[in-house]
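Trainee: I would like a close look at one part of this model, please. Could you walk me through a single helix packing and then set the other chain beside it?

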Amino acid sequence: MNGITGSIATIGYGLATIGPGIGLGIVIGQTQIATARQPEVAGRLFTNMMIGAALIEVLGLLGLVAGLMFT
Amino acid sequence: MGDFFPAGIFGDVSTGSWFGFDRIMMVRLIVVVLLLLLLWLGTRKATLIPGRGQNIVEMGLDFVRVQIAEQILGKERAKPYIAMLTTIFFAVLAMNLAGVIPFLNIAGTSRVGLPLVLALWVLVTYLAAGVKKHGVGKYLMTQLFPPGVPWPAYVLITPIEALQVFILRPATLTVRLLANMMAGHLMLALTFAATHFLLLEGGGLVKLAAPLTFAGGIFVTLFEVFVAVLQAYIFALLASIYLNFALEEEH
């Protein structure tokens with residue numbers, strides 16, 4: 001009986017990407033909807049989207065860093 | 001992981017010497033020289049009607065000024081900080097792009113030193129800007145005790161805000177840039193190492209998988225260029241947003 005070997009932290013990082021994935025989906029999708037409704041403010045919306053995306057991204061990257069630190 | 005702590009050319013970084021000099025430091029120096037050379041060549045004979053080289057440099061400078069600084073901070077308030085934001089943008093961009101340039105092959109920002117220094121620069125600048133504008137007491141007051149909140153909530157909000165202003169902002173700036181570049185390098189190394197392994201060591205039909213991983217490697221390389229530009233943009237954007245928070249009028 002030798003099943004899967006390796007570090008459980010690998011799975012941890014996989015799990016850590018789920019949340020930011022959902023978050024990025026919502027942010028980008030809603031920006032698309034808003035841009036379709038009001039194309040004239042597209043530039044401003046894009047900037048705000050980038051800010052939101054950057055904040056969400058950190059959560060996923062924290063998972064990566066934790067994965068490297070605790071293996 | 002060994003890629004991020006290569007053997008020292010002289011001195012040794014990983015054993016705690018402060019003056020070690022290894023491959024990443026060399027890449028950083030090369031990138032700095034290249035960047036300065038590029039900017040110098042671009043603006044050496046600056047004319048009113050820009051030539052091709054000058055045009056590209058001016059496009060980059062204009063992008064930082066208009067799209068990042070003036071859009072977030074406003075025309076007047078942006079003026080003292082444009083130099084800093086431009087420096088940060090170009091430094092981060094050049095260091096990131098080193099990750100996909102052949103023979104350099106590692107981003108200068110993929111070890112903690114450089115992102116940390118840039119993030120601390122941003123921290124000091126926005127603290128100084130806030131203190132200069134409002135004075136020490138009033139600045140801390142507006143940052144730590146946001147108005148319009150019922151007073152018992154300050155027990156919760158003030159520590160969170162303090163953590164946010166003094167630690168989390170520079171920490172997330174550092175981690176975002178570092179982890180992005182590190183993940184990018186790992187992905188590149190993985191795809192090309194897999195191609196190498198499958199093509200040379202794989203037997204029979206396994207060799208057929210090699211073009212697939214190679215195509216993946218090309219895709220990741222292009223993606224890395226995109227990420228490099230994006231991270232430079234986001235770093236400068238967030239720096240100007242934090243400055244904006246510090247310079248805000250009272251509500």
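Mentor: Happy to; here is the packing of two helices in chain B, followed by a look at chain A.

Keep in mind that this is a predicted model. Two packed helices are described by the angle between their axes and by the distance separating those axes. In chain B, the pair to look at is helix H5, residues 113-134, and helix H6, residues 136-144. Their axes lie 7 Å apart and make an angle of about 115°. Angles of 65 to 115 degrees count as roughly perpendicular, and H5(B) and H6(B) are therefore described that way relative to each other. The crossing in which H5(B) passes H6(B) is right-handed.

Now for the residues that make the contact. H5(B) contributes Tyr126(B), Leu127(B), Gly130(B), Val131(B) and His134(B). Across from them, H6(B) brings Val136(B), Lys138(B) and Tyr139(B). Sorted by class, this contact of H5(B) with H6(B) has 5 nonpolar, 2 polar and 1 charged residues.

Turning to chain A, you will find 3 helices and 0 strands, in the order α-α-α along the sequence. Chain A has a radius of gyration of 17 Å, whereas the globule rule gives 11 Å for 71 residues, so chain A is more spread out than a compact globule. Along the principal axes, the C-alpha trace of chain A spans about 60 × 25 × 10 Å. As for burial, 23% of the 71 residues of chain A count as buried.

Technical notes: Residues are numbered from 1 along each chain as its sequence is written. Chains are lettered from A and ligands numbered from 1 in the order in which they are written. This is a predicted model: local features need pLDDT of at least 70, side-chain atom pairs count only at pLDDT 80 or more; totals for chains, interfaces and linings use all residues. Side-chain values use heavy atoms; hydrogens and water are left out. Axes are lines fitted to C-alpha atoms, for helices over the stretch in contact, and angles run from 0 to 180 degrees between N-to-C directions. Helices (H or I, at least four residues) and strands (E, at least two) are DSSP runs, numbered from the N terminus. Angles under 35 degrees count as roughly parallel, over 145 as roughly antiparallel, 65 to 115 as roughly perpendicular and the rest as oblique. A crossing is left-handed if the near helix is turned anticlockwise from the far one by less than a right angle, and right-handed if clockwise. Contact means heavy atoms within 4.5 Å. Ala, Val, Leu, Ile, Met, Phe, Trp, Tyr, Cys and Pro count as nonpolar, Asp, Glu, Lys and Arg as charged, and the others, Gly among them, as polar. The radius of gyration is taken over C-alpha atoms; the globule rule is 2.2 Å times the number of residues to the power 0.38. Buried means under 20% relative accessible area, exposed over 50%, partly exposed in between (1.4 Å probe, protein chains only).
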